[in-house]
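Please read the following report alongside the sequence and the coordinates. It moves from the sheet to its strands, and then to a loop, a pocket and the overall dimensions.

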Amino acid sequence: MMLIDLLTKAQRIIQGRIINKEGSIINVLRDDGKLKRFKINVPEVLEALRVDHRVEIVCTNLANFPSRITVIE
């Protein structure tokens with residue numbers, strides 16, 4: 001599935017605010033009010049993310065794997 005996602009460039013964009021950070025897991029409260037969990041495997045990215053940061057996360061469509069995280073605020 002991951003290979004299909006990467007080859008087809010199918011993406012979903014999620015915007016929200018980081019409300020909790022536990023180890024390598026961040027909890028993002030999406031703009032529509034739903035809570036979404038993401039596992040971040042890259043230590044440099046994980047260290048840069050802080051609670052209350054507003055983020056935009058681009059995920060692959062089928063596997064829902066985060067491919068890009070951008071801090072908006």
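In what order do the five strands form an open sheet, and is the pairing parallel or antiparallel? The order is 3-2-1-4-5, and the pairing is antiparallel. At the edges of this sheet lie strand 3 (35–39) and strand 5, each of which pairs on one side only. Neighbouring strands are turned against each other by 40° on average, direction ignored, where axes are lines fitted to C-alpha atoms, for helices over the stretch in contact, and angles run from 0 to 180 degrees between N-to-C directions.

This is a predicted model, in which local features need pLDDT of at least 70 and side-chain atom pairs count only at pLDDT 80 or more, while totals for chains, interfaces and linings use all residues. Residues are numbered from 1 along each chain as its sequence is written, and side-chain values use heavy atoms, with hydrogens and water left out.

The protein comprises two helices and five strands, and from the N terminus on its elements run α-β-β-β-α-β-β. Helices (H or I, at least four residues) and strands (E, at least two) are DSSP runs, numbered from the N terminus, and two strands pair if DSSP finds at least two bridges between them.

The table lists three of the strand pairs with their bridges and one example of facing residues for each.

| Strand pair | Bridges | Residues in register |
|---|---|---|
| Strand 1 (residues 11–22) and strand 2 (residues 25–30) | Six bridges | Gly16 and Arg30 |
| Strand 1 and strand 4 | Seven bridges | Ile14 and Ile57 |
| Strand 4 (residues 54–60) and strand 5 (residues 66–71) | Five bridges | Glu56 and Thr70 |

Strand 4 also places Cys59 opposite Pro66 in strand 5. In the hairpin of strand 4 and strand 5, five residues lie between the strands, and Asn64 there takes a positive phi near 55°.

How many of the seven residues of strand 4 are buried? Seven of its seven residues are buried, the term meaning under 20% relative accessible area, with exposed over 50% and partly exposed in between (1.4 Å probe, protein chains only). Both faces of this strand are covered, with Arg54, Glu56, Val58 and Thr60 on one side and Val55, Ile57 and Cys59 on the other. Across the protein, 29% of the 73 residues count as buried.

Ahead of strand 4, in the loop that follows helix 2 (43–48), is Asp52, which has a positive phi of about 80° although it is not a glycine. Most residues other than glycine have a negative phi. Asp52 counts as exposed because its relative accessibility is 51%.

The largest pocket holds about 180 Å³ of space. Its lining consists of Lys39, Ile40, Asn41, Val42, Val45, Phe65, Pro66, Ser67, Arg68 and Ile69, and strand 5 supplies the largest share, four residues. By class, the lining has six nonpolar, two polar and two charged residues.

A pocket here is, on a 1 Å grid over the protein atoms alone, an open set of points where a 1.4 Å probe fits, with protein on both sides within 12 Å along at least five of seven lines, and lining residues have an atom within 4 Å of a point.

Along its principal axes the C-alpha trace spans about 35 × 30 × 20 Å. The radius of gyration is 12 Å, which agrees with the value near 11 Å for a compact globule of 73 residues, the rule being 2.2 Å times the number of residues to the power 0.38, over C-alpha atoms.

Terms used: Grid points are joined across faces, edges and corners, and a volume is the space filled by probe spheres set on the points. Ala, Val, Leu, Ile, Met, Phe, Trp, Tyr, Cys and Pro count as nonpolar, Asp, Glu, Lys and Arg as charged, and the others, Gly among them, as polar.
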